[in-house]
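Q: I would like to learn how to read the features of a protein model, one at a time. May we look at one together?

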Amino acid sequence: MLEFLRTRTPVRGPKLGCGEGGCGACVVLISKYDPTTDEVTEFSASSCLTLVGSLNHCSVTTSEGIGNTRDGYHPVQQRLAGFHASQCGFCTPGMCMSIFSALVKADKPGAAGEPAPPPGFSKLTSCEAEHAVSGNLCRCTGYRPIVDACKSFAADVDLEDLGLNSFWKKGADRAEVGKLPEYSSGAVCTFPEFLKSEIKASVDNQTNNVPAAIAGEDGWYHPRSIQELHSLFDSNWFDEKSVKIVASNTGAGVYKDQDLYEKYIDIKGIPELSVINRSNKGVEIGAAVSISKAIEVFSDGTPVFRKIAGHLSKVASPFVRNTATVGGNVIMSQRLQFPSDIATVLLAAGSTVTIQTASKMLCLTLEEFLEQPPCDAKTILLSIFVPDWGSDNVIFETSRAAPRPFGNAVSYVNSAFLARTSGDAASGELIVDEICLAFGAYGVGHASRARKVEEFLKGKSVSASVILEAVRLLKDVISPSEGTTHPEYRVSLAVSFLFSFLSSLATDLDEPAKAITPNGISTNGTMNGNGASSLEKQSKVGSDDLPIRSRQELVFTEEYKPVGKPTTKAGAELQASGEAVYVDDIPSPKDCLYGAFIYSTHPHAHIKGVNFKSSLASKKVITVISAKDIPAGGRNIGSSFPGLGDEALFGDPVSEFAGQNIGVVIAETQKYAYMAAKQAVIEYSTENLEPPILTIEDAIQHDSYFHPPPFLAPKPIGDFEQGMSEADHKILSGEVKLESQYYFYMETQTALAVPDEDNCITIYASTQIPEVTQNVVADCLGIPYHNVRIITRRVGGGFGGKAMKGCHVACACAVAAFKLRRPVRMYLDRKTDMIMAGGRHPMKVKYSVGFKSDGTLTALHLDLGINAGISPDVSPALPSAIVGALKKYNWGALALDVKVCKTNVSSKSAMRGPGDVQGCFIAEAIIEHVASALAADTNTVRRKNLHGFESLTKFYGDAAGEASTYSLVEIFDKLASSPEYRTRAAAVERFNGGSRWKKRGISCVPITYEVRLRPTPGKVSIMNDGSIAVEVGGVEIGQGLYTKVKQMTAYGLAELCSDADGLLDKVRVIQADTLSMIQGGFTGGSTTSETSCEAVRLSCATLVERLKPIKESLESKSGAPAPWKALITQATMASVNLSAQAYWTPDPAFVKYINYGAAVSEVEIDVLTGGTTILRSDLVYDCGQSLNPAVDLGQVSSPPIGTTTCCC
């Protein structure tokens, strides 16, 4: 459906983020009409997984459909914008549709007499509001403002608890629902009347003489019975390779299609697959019943059923559960070894399944079904029966450990335990009469029962010795297969889950907490009957029980208004409606072709040739672009950082790392290109090649390094030997290892290249560095720079990943378009993007540190190894950033041995705080080590080694600035030395003393960030009607650049217009264009907004100088302030140049300065599972005078972690 919406309709709101139903960027609302009951059913769904052929007689609502520029925005869109809940905006339309879907569901007409919500609110509760976007990922904005926008619709919300917004001034105005954009249920028609009439007519005209098993022109078959389905199986055209059997197609998010299909058989319409039968024996669920419907059915049942429903609600995400089927999940577990939670839970509940083979119908236990050989495509799961265990003396518990607590992630381990017990009258102990212990997802083919442990436990009362023996037996049973990641952790989790369960059955043990939900560790316990232990005894501190709330403190200034005002981010409502145009939203030009990379899977090998499998997809290949297609005079270059080095666009003739581009498949559609690239078979040879260098250790052994230029190399400070001699204690060998990290911007790498006359080309690119991209493309094609035009309007998330790595896609499109003389566009699928992206630098650090008995540091030596990958990229600049962050402490003396290692892996690049993140972590690891060696409080050691201004100047030089600007000590003391901190620290100690199974910790960490200013251009042009167009070199990537530039423009021209706020509405910041705004530089380093604003201010100053005499002349004649439009009209008539451009360069004496901040975090760890919960985080950040506090608050509190305090 997503492909259809984006290529066959004007709709652009649903976005392709992951193609797996895992991010929510593509969410839409699907509505179905039942003519017999005259009812409409609505549900959210992932359009990237939903097949168009399954939507006959359905209505689809997108973000544009609920509100847009022309018809007015929906309150959901307005509130998301007003609560500052959109930064890059790529995920925002999906957020809107998830919230809208939750509102539609909550506000369905209820039973007679059900009270209506207060005016302006919905029936949604605050808890439901928090879960409304549980399946939607956002990588820029903290979830706090998003959740606030959701909760503003909830009738039980305290509006005063909601965060900063544009509807009322926090702390000054009263929060009232009347100040929010008005909401009323049913305002959006989700199912048009004409479609209802069409459906009714089709039902009236339907005859039984039309065979349902005849496909339409689209190749879809809709059998209406098992018999019709088997007749299709018996057809001579049926072939598993070219025919796909579907019910919802959500399995394609896990197991990607490897080829195109000619025909589809939709089994959703077979009545036997959709049955829901309740009886006193149990519940029968048809295999095609959705997971959401199953949750609804089980929720209205006995405690065991309710716990099954609770666990199923952690499977996938709401918009996947709405379409995914219970049977499909179980079939994937049986046939494809999918680590299913549903199979594990149903196995423990004693479920049975009914299946239809080619010859007969069988009823099997779920355990028997799972243990059979993988069933073929013609074997159909009909239904699943779950017995009713009643409510007497039954204990049922399910657990899962996964990366995310609310689901939307595959489990590391899942388990489900069911026991029937009886009481021993004499001892009062519980006797285990029956027990079922099911485990899954730990690295085996399917869920299974721990039979040996079950047999051991039957008939016993649970004691410490019994538990110990059960655990020993379980360790022999739980054996992850070879190649399973983290096998020891998975075994440990299984043991922990069993231990927790059995402890609840014992009467003499200190049982662990039951609601183990941090970091996705989830335990649902149900105990019934008269057992001695009950859930009410349990400690419930799970992350999903913690309310999402925070307090925010900001300092505003009116001195430079509208600069400094928390205005709403420019374009936020456009982003929410889906009308904001990203690169892939640009309509494809005529004759446009699409590309997909073929990449190497070998780290170091000769490329002998590329062939294609015989398949449907390979027939769609138009051509393959490779290094031989680079024009004469051009270079095989894919990226280049000025002065540091290049990286090749194509691996030719040798692939130097796994993931390197070998070629680009060109096809008529993006889907064809994706599929065709999967058919490529690359022939390798390693003859006469050295083994690949993959690690820092390998690089050191082979002396494989990049050598940073001297001006980038960090300098030692002080005399290390003297410092060590002054030390009372020494740690001579410590080590820190840091691995890589993927960017996960929501919009993957993308570009559109359009060839033009005279060897010119225009490229629409999602890039943070348009100027560098222009230069690299021109060098690749062998043409002058002025022949290449790069246009970037906005970027759907960058974090540094849209800098150097974006150049490769732009260059590949350019080479293909240049060769074929047709437009070519590429939008990388998520897997390819992750393989090629590079990401953060892995590091290995060895250190020696000296310190005195009171914790004062005297000397530090670092051996720093950085895995740069195959090309320099920005790696030579990384050591100075690492050391810059490390220098937040006074180490006394600092000595360095830095190695930037060249390896056969993808080039690592700048990633959100490149080097600074690692440097801060290294510093804290060393401080913790020192404190541990002294048995001292870590914060005491931190505080003792914070700089005085003299040592700050010694370590940072001119960047230290003036003593009055050094605020780190004050910030740290505000947090770590406050009475509140001491109270909380004491509470942590008390908690740890009384809790065996959970432990807490609290810590305060300071941070410094060295800002380096760069020259930046800006241009302000006033149109004849008084509207204002502004250009800057920077790119809007969600950081609010354009918003701040608009504010600065209004401020800069305020001398000419008394209504600065009115002037703000006249300003439009236009897209980055390398032929319009040269020397644009790059967007990064946390300086683009302020330097762009200064360039704009200088441009405005020039315009004020030109226009002020005309203004004074008009006012002297009229005796009143000159209206803005009259002023511009007069200036136009007087031929005044109404466009001014400036190129701001920093003062040589003030090129660098330092930002300061600190944070306190309180964390809880489950010692059985390793699950963690951030209970609270307090952030204090000194950003001087904020250009826009709303935008800056969003930037500071982007990580979604608890309580945020920000002083701006």
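Q: What share of the contacts between residues at least 6 apart in sequence joins residues at least 24 apart?
A: One reads such a share by asking how far along the chain the two partners of a contact lie. In this predicted model, 75% of the contacts between residues at least 6 apart in sequence join residues at least 24 apart.

Q: How many helices and strands are there in the protein?
A: Helices and strands are counted along the chain from the N terminus. The protein has 35 helices and 41 strands. With a radius of gyration of 32 Å, close to the 33 Å that the globule rule gives for 1208 residues, the protein is therefore as compact as a globular protein of that length. The C-alpha trace spans about 90 × 80 × 75 Å along the principal axes.

Q: How is burial read, and what percentage of the residues count as buried?
A: A residue counts as buried when its relative accessible area is under 20%, and as exposed when that area is over 50%. Of the 1208 residues here, 57% count as buried. The accessible surface of the protein comes to about 48600 Å², and carbon and sulfur atoms account for 51% of that surface.

Q: How many positive and negative side chains does the protein have, and how far apart are the centres of the two sets?
A: One counts each set and then compares where the two centres lie. There are 114 positive and 131 negative side chains, with the centres of the two sets 1 Å apart.

Q: Is E1036 buried or exposed?
A: The relative accessible area is compared with the cut-off. For E1036 this area is 5%, so the residue is buried, the limit being under 20%. E1036 is placed in the loop between strand 36 (1028-1032) and helix 31 (1041-1052). Its side chain reaches the backbone nitrogen of G1040 at 3.1 Å. Beyond the residues up to four places away in sequence, E1036 touches several others, among them K569, R793 and R794.

Q: Which helix do the buried residues of helix 35 pack against?
A: To read the packing of a helix, one identifies its buried residues and then looks for their partners. Helix 35 (residues 1189-1196) is mostly covered, with six of its eight residues buried. These are P1189, A1190, V1191, D1192, L1193 and G1194, and the buried residues of the helix pack against helix 31.

Q: Which residue caps the N-terminal end of helix 35?
A: One looks for a side chain that reaches a backbone nitrogen at the helix end. Here N1188 is the cap, with a side-chain oxygen 3.0 Å from the backbone nitrogen of A1190.

Q: Is T1087 buried or exposed, and why?
A: T1087 counts as buried because its relative accessibility is 0%. T1087 is found in the loop between strand 38 (1072-1073) and helix 33 (1088-1118). The side chain of T1087 makes a polar contact of 3.0 Å with the side chain of R1014. Leaving out residues up to four places away in sequence, T1087 touches V1011, R1012, L1013 and R1014.

Q: Is D1065 buried or exposed?
A: D1065 is exposed because its relative accessible area, 66%, is over 50%. D1065 lies in the loop between helix 32 (1060-1064) and strand 37 (1067-1069).

Q: What is usual for phi and for the peptide bond?
A: Most residues other than glycine have a negative phi, and most peptide bonds are trans. In this structure, A441 has a positive phi of about 65 degrees although it is not a glycine. A441 is in the loop between strand 14 (430-440) and strand 15 (448-449), and is buried at a relative accessible area of 8%. N688 also has a positive phi, near 65 degrees, and N688 counts as exposed at 76% relative accessibility. The place of N688 is the loop between strand 24 (680-685) and helix 20 (696-701).

Q: Where does the cis peptide bond with omega near 5 degrees lie?
A: One reads omega along the bond from one residue to the next. The bond from K561 to P562 is cis, with omega near 5 degrees, and P562 lies in the loop between strand 16 (522-527) and helix 18 (572-577). A cis bond also joins D652 and P653, where omega is about 0 degrees. P653 lies in the loop between strand 21 (645-647) and strand 22 (654-655).

Terms used:
Residues are numbered from 1 along each chain as its sequence is written. This is a predicted model: local features need pLDDT of at least 70, side-chain atom pairs count only at pLDDT 80 or more; totals for chains, interfaces and linings use all residues. Side-chain values use heavy atoms; hydrogens and water are left out. Helices (H or I, at least four residues) and strands (E, at least two) are DSSP runs, numbered from the N terminus. The radius of gyration is taken over C-alpha atoms; the globule rule is 2.2 Å times the number of residues to the power 0.38. Buried means under 20% relative accessible area, exposed over 50%, partly exposed in between (1.4 Å probe, protein chains only). Contact means heavy atoms within 4.5 Å. Accessible areas come from the Shrake-Rupley method with a 1.4 Å probe; for residues, only the protein chains shown count as cover. Lys and Arg count as positive and Asp and Glu as negative; His and the chain ends are not counted. The place of a charge is taken as NZ of Lys, CZ of Arg, CG of Asp or CD of Glu. A polar contact is a pair of N or O atoms within 3.5 Å; within protein, one must be able to donate a hydrogen and the other to accept it, and residues adjacent in sequence count only if both atoms are side-chain atoms.
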